[in-house]
Amino acid sequence: MYARMVIGEALSEEQVGEFSRIYHADVLPTLARESGFESASLMVEEGGNMAVSLTVWKTREDCLRYHSSRSYRQFVARTQHLLAGNFVVKIFRVRKI
């Protein structure tokens, strides 16, 4: 399995809330329909404005396919104005212990 972490920092607490609303209302339902999608979590920094989206995929190809998809580009377009800078995207291989 592979995990994809997307990290962004919002400009204010209100914008973190808007980012979270968009993520839950629009992104999660779209992710659920993507091939190879396993799970997603949105974490918001306690006392700060950083948000981290962690998605888990069956294969690296599934992960990369979503990252280059129209759905992902639409998510970026809908949320980019809420961020101080650009998203940072990291891909990890999940290793069972």
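Here a biologist and a modeller chat about Ser53 and the sheet around it, in a model that is predicted.

Biologist: Where does Ser53 sit, and why is Ser53 called buried?

Modeller: Ser53 belongs to strand S3, which covers residues 50-57. Its relative accessibility is 6%, and buried means under 20%, so Ser53 counts as buried.

Biologist: What makes the pair Ser53 and Tyr23 a polar contact?

Modeller: Their side chains are joined at 2.8 Å, and the cut-off is within 3.5 Å, so the pair counts as a polar contact.

Biologist: Which residues does Ser53 touch, leaving out those up to four places away in sequence?

Modeller: Ser53 touches Arg4, Met5, Val6, Tyr23, Ser41 and Leu42. One of these, Met5, stands opposite Leu54 in S3.

Biologist: How do you know that S1 and S3 pair?

Modeller: Strand S1, residues 2-9, shares 8 bridges with S3 in the antiparallel sense. Pairing takes at least two bridges, so S1 and S3 pair.

Biologist: And what is the strand order in the open sheet?

Modeller: The 4 strands go S2-S3-S1-S4, with antiparallel pairing.

Biologist: Why do S2 and S4 stand at the edges?

Modeller: Strand S2 (37-44) and strand S4 (88-93) each have a single partner strand, so one side of each is left without a neighbour in the sheet. Neighbouring strands here are turned by 15° against each other on average, ignoring direction.

Biologist: Which strands does helix H1 lie across?

Modeller: Helix H1, residues 13-32, lies across S2 and S3 and runs at about 175° to S2.

Definitions and conventions. Residues are numbered from 1 along each chain as its sequence is written. This is a predicted model: local features need pLDDT of at least 70, side-chain atom pairs count only at pLDDT 80 or more; totals for chains, interfaces and linings use all residues. Side-chain values use heavy atoms; hydrogens and water are left out. Helices (H or I, at least four residues) and strands (E, at least two) are DSSP runs, numbered from the N terminus. Buried means under 20% relative accessible area, exposed over 50%, partly exposed in between (1.4 Å probe, protein chains only). A polar contact is a pair of N or O atoms within 3.5 Å; within protein, one must be able to donate a hydrogen and the other to accept it, and residues adjacent in sequence count only if both atoms are side-chain atoms. Contact means heavy atoms within 4.5 Å. Axes are lines fitted to C-alpha atoms, for helices over the stretch in contact, and angles run from 0 to 180 degrees between N-to-C directions.
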